[in-house]
Amino acid sequence: MNGKQITIVGGGLVGSLLAVFLAKRGHRINVFERRADPRKSNVYAGRSINLVVSHRGWTALKAAGVHEAVERIVVPVHARMTHDRDGKLTRLPYSIDERAIHSVSRGELNKVMLSEAEKFPNVKLHFEHRCTSVNLETGTCTFHNEATGEASAVPADVVFGSDGAPSAVRQEFMKHRFTFSQTYIEHDYKEIAFAPNADGTPRMDPHCLHIWPRRWFMMMGLANTDGGFTGTLFMPHTASAVIPEAGRPKGAGPGLARRGEATESHPAIPAFDQIKDEQDLMRFFEEHFRDATPMLPDLAEQYFRNPQSNLAIIRCSPWTYKDKVALIGDAAHAIVPFYGEGMNAGYEDCKVLNDILNEHGDDNWATVLDAYHKARKPNGDAIADLSLRNFVEMRDLVADPKFILRKKIEGRLQARHPDKWLPLYSQVKFSDIGYKTAWDEGLRHDRIMEQVLAMPGIEEKWESEEVERKALGLLEK
Ligand SMILES: Cc1cc2nc3c(=O)[nH]c(=O)nc-3n(C[C@H](O)[C@H](O)[C@H](O)COP(=O)(O)OP(=O)(O)OC[C@H]3O[C@@H](n4cnc5c(N)ncnc54)[C@H](O)[C@@H]3O)c2cc1C
């Protein structure tokens, strides 16, 4: 088979889909993955991250022709279910027509996608091969064989760095004219698994994303196919840190206040470093997540065994080097997970790259990579901002009556004028509209809804013609 010799560094979620797209075009693909083959080893042990696949993720999977394999391992999720401190549940559908996002185990998805890539005779997977350097001019990568300790140099026409947030390929870009920032947020996360009932049935509605929003911190739960849930607790890592109000993206809502000192307006905020033993933990859960505690008989064992991980946002530019090397997925744009879009954005990178190759052909990589960077970089920045904004929405606003009223008004506008009003969440999760366009439109919606919610008596008349006219009038301005 003809085609270019292509090296993909990183056989994770994005690298495996990219291999499928490029193999279908007739290129010869070598995927080098640092870890052992997850289908034969237990590389995901102790980490059971669940991801949601959204519309744009499916669009990419369909374009690659691998969606049917993924459909078999997902659970549809139609709504958020908030749990208040007393265990009261409120269901908030994601869209007026109950459209679903889909929960999937990251490990299972990775295994399925590696098998899909391996079906192509022109794809070779090399596990336990860690990339240690890349020559950006020649496309030659050096790998360290983790099993034998040997080093090898592999030449290629084109190299893709899909090696995630700590990317070794990106590291090489640092030696050139390259802009880079890495920002840690104050919140870390820890996973806690909810087992199913003894008969295998789920303990909560599996078709909802469960959220325990507690303003400064939160827990969420996503269903697995075995009846269990993966819970994730997001909380500041330390009680003494301060998150400034400044620097938050416009429209992102309130920043965090000083922690550690309780005042009426600034309550003391729990943090991971305050939970030192089982007693602290049980007291904390009893106070904040009372209805979850009976579903977690092994809470303390899990809490003190499972790792606490941090979250960072990585922005960089350019994502490409001449006609030789490109960054893709988290290597180019690591974001916080609160919109559930990191992988979806990476999948969309692959689809857009494939579209650009359709347009320019497979022999003009300087043009292709330049077009890819220009098409994706603004969207990578936008989804980083959107994801921070959604953190505020999830941990804080979903429990706010004004926010719930806004959702109802927007739902009504969407139902009556689907051609005019598509709420931001639907633009991000249920459409292929670019993240940048969605972000700009979302900020415009914020300004309009601020005025609508300020109308006297809005709580009583939100379903009236008057409110509808006001919103649409502002939209046309
Ligand atoms: C708690 C949490 C929840 C999330 N939820 C969602 C969600 O709901 N929806 C969503 O779309 N996204 C979600 N994400 C984000 C998603 O996990 C990432 O965006 C996605 O994994 C990125 O895929 P990737 O292939 O670019 O990188 P990775 O998944 O990090 O894969 C990179 C691969 O490269 C390999 N590698 C690294 N360095 C080297 C090297 N030097 N040489 C060779 N191989 C190397 C790694 O072993 C790995 O297999 C979530 C993330 C977190 C942390």
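**Exercise 1.** Compare the end-to-end reach of helix α9 with its expected span, and state how well α9 is covered.

*Solution.* Begin with the length: α9 (342-360) has 19 residues and reaches 27 Å from its first C-alpha to its last, close to the 27 Å expected at 1.5 Å a residue, where the expected span is 1.5 Å times one less than the number of residues. Helices here are DSSP runs of H or I with at least four residues, and strands are runs of E with at least two, both numbered from the N terminus. Turning to cover, 14 of the 19 residues of α9 are buried, that is, under 20% relative accessible area, with exposed meaning over 50% and partly exposed in between (1.4 Å probe, protein chains only). Finally, just after α9, G361 takes a positive phi of about 85°.

The model is predicted, with local features requiring pLDDT of at least 70 and side-chain atom pairs pLDDT 80 or more, while totals for chains, interfaces and linings use all residues. Residues are numbered from 1 along each chain as its sequence is written, and side-chain values use heavy atoms, leaving out hydrogens and water.

**Exercise 2.** Carry out the corresponding analysis for helix α10, and locate its bend.

*Solution.* Helix α10 (residues 365-395) has 31 residues and reaches 43 Å between its first and last C-alpha atoms, close to the expected 45 Å. Next, α10 bends by about 30° at R376, with the proline P378 following within four residues; the bend is the angle between axes fitted to the seven residues ending at a residue and the seven starting there. As for cover, α10 is mostly covered, with 23 of its 31 residues buried.

**Exercise 3.** Describe the surroundings of the ligand, from the elements that supply them down to single atom pairs.

*Solution.* First, α1 (13-24), β3 (50-53), β9 (129-135) and α9 each supply at least two residues of the shell, whose residues divide into 12 nonpolar, 10 polar and 8 charged. In this division Ala, Val, Leu, Ile, Met, Phe, Trp, Tyr, Cys and Pro count as nonpolar, Asp, Glu, Lys and Arg as charged, and the others, Gly among them, as polar. Second, a polar side-chain atom of E33 lies 2.6 Å from an oxygen atom of the ligand, and a backbone N or O atom of M343 lies 2.8 Å from a ligand oxygen atom. A backbone N or O atom of C131, in turn, lies 2.9 Å from a nitrogen atom of the ligand. Last, the protein covers 90% of the 1,000 Å² of accessible area that the ligand has on its own, computed by the Shrake-Rupley method with a 1.4 Å probe.

Terms used: A polar contact is a pair of N or O atoms within 3.5 Å; within protein, one must be able to donate a hydrogen and the other to accept it, and residues adjacent in sequence count only if both atoms are side-chain atoms.
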